[in-house]
Amino acid sequence: MEQNELYSNNQDSAPFPSERAGERNELYPVFLKLHNLNVLIVGGGNVGLEKLSFMLKSSPNANVEVVAPKFLSELEELVKKHPSVKLTKAKFKKKMLKKRHMVIACTDDLKVNKRVFDLSRKRYLICNIADTPPLCDYYLGGIVTKGNVKIAISTNGKSPTTAKRLREFFEEIIPDDINKMVENLNEYRKTLKGNFEEKVQKMNEITEALKNKE
């Protein structure tokens, strides 16, 4: 996985049974400010390392606590580079769900993972159980990041290979200097006069060239 470029996660996998019937992807994408939220990861092994790495590559200041009886040395080394992440060496207890916003469980004990999910549901917390789509309120999909521009990709679990190729496609066609363009447009937007609709119309005119395929 590459910092600020392309990285994937196996959560773009099999969908819920109700999702298989339709042809549309009904997942709702959001971009979370993880530095303002409290995230709990239960599990300190290889999958825990993968989840945390994926999260920190996109949100390096994410507010995360990782709970496990023991941790991989690679995970401990990663946490040393991110002061917003806390390691707690202990078994999972339901009190650990207090004041959380989202939860990931990725232990090698299916009973523990299921308990985390059930307790999270009772507290209306969104939860992701690794490699168990029926016990996921959200997936961790593929991401392309260039400066202020970020694109999230999901194939609704139909084809991780297609998601990978789309990531490569966007990585290739999005120019490296797009962040400068975004910043310039933001400064220009601040100078516009008129009501909201007039400003939108002017910005649409300015950015029309982005649709030029030549």
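**Close-up views of the predicted model**

**View A. Leu 40 and its contacts.** Leaving aside neighbours within four places in sequence, Leu 40 is in contact (heavy atoms within 4.5 Å) with Glu 65, Val 67, Phe 92, Met 96, Leu 97, Arg 100, Met 102, Val 103 and Ile 104. This is a predicted model, in which local features need pLDDT of at least 70 and side-chain atom pairs pLDDT 80 or more, while totals for chains, interfaces and linings use all residues. Residues are numbered from 1 along each chain as its sequence is written, and side-chain values use heavy atoms, without hydrogens or water. Leu 40 belongs to strand S2, residues 39-42; helices (H or I, at least four residues) and strands (E, at least two) are DSSP runs numbered from the N terminus. Leu 40 counts as buried because its relative accessibility is 0%, where buried means under 20% relative accessible area, exposed over 50% and partly exposed in between (1.4 Å probe, protein chains only). Although Leu 40 and Val 103 are 63 residues apart along the chain, their C-alpha atoms are separated by 4.8 Å.

**View B. Glu 65 in strand S3.** This view turns to a contact partner of Leu 40, namely Glu 65. With a relative accessibility of 14%, Glu 65 counts as buried. Apart from neighbours within four places in sequence, the residues in contact with Glu 65 are Val 39, Leu 40, Ile 41, Lys 86, Thr 88 and Arg 100. Arg 100 is thus listed among the contacts of Glu 65 and also among those of Leu 40.

**View C. Tyr 124 and Asp 131, two loop residues with positive phi.** In general, most residues other than glycine have a negative phi. Tyr 124, which is not a glycine, has a positive phi of about 60°. Tyr 124 is placed in the loop between helix H4 (110-122) and strand S6 (126-129). Because its relative accessibility is 78%, Tyr 124 counts as exposed. Asp 131 likewise has a positive phi, near 60°, and is a residue other than glycine. The loop that holds Asp 131 runs between S6 and strand S7 (142-146).

**View D. Lys 164 in helix H5.** Helix H5 covers residues 160-173, with Lys 164 among them. Lys 164 has a relative accessible area of 40% and is therefore partly exposed. Ser 154 lies ten residues from Lys 164 along the chain, and the C-alpha atoms of these two residues are separated by 9.6 Å.

**View E. The packing of helices H6 and H7.** Helix H6 spans residues 178-191 and helix H7 spans residues 196-207. The two helices pack at an angle of about 145°, with their axes 11 Å apart; axes are lines fitted to C-alpha atoms over the stretch in contact, and angles run from 0 to 180 degrees between N-to-C directions. On the H6 side, the contact is made by Leu 185, Tyr 188 and Arg 189. On the H7 side, it is made by Lys 202, Met 203, Ile 206 and Thr 207.

**View F. The protein chain as the setting of the close-ups.** The protein chain has seven helices and eight strands. Of its 214 residues, 38% are buried. Among contacts in the chain with a separation of 6 or more, 63% are between residues 24 or more positions apart. The pair Leu 40 and Val 103, in contact and 63 residues apart along the chain, is one of the pairs shown above.
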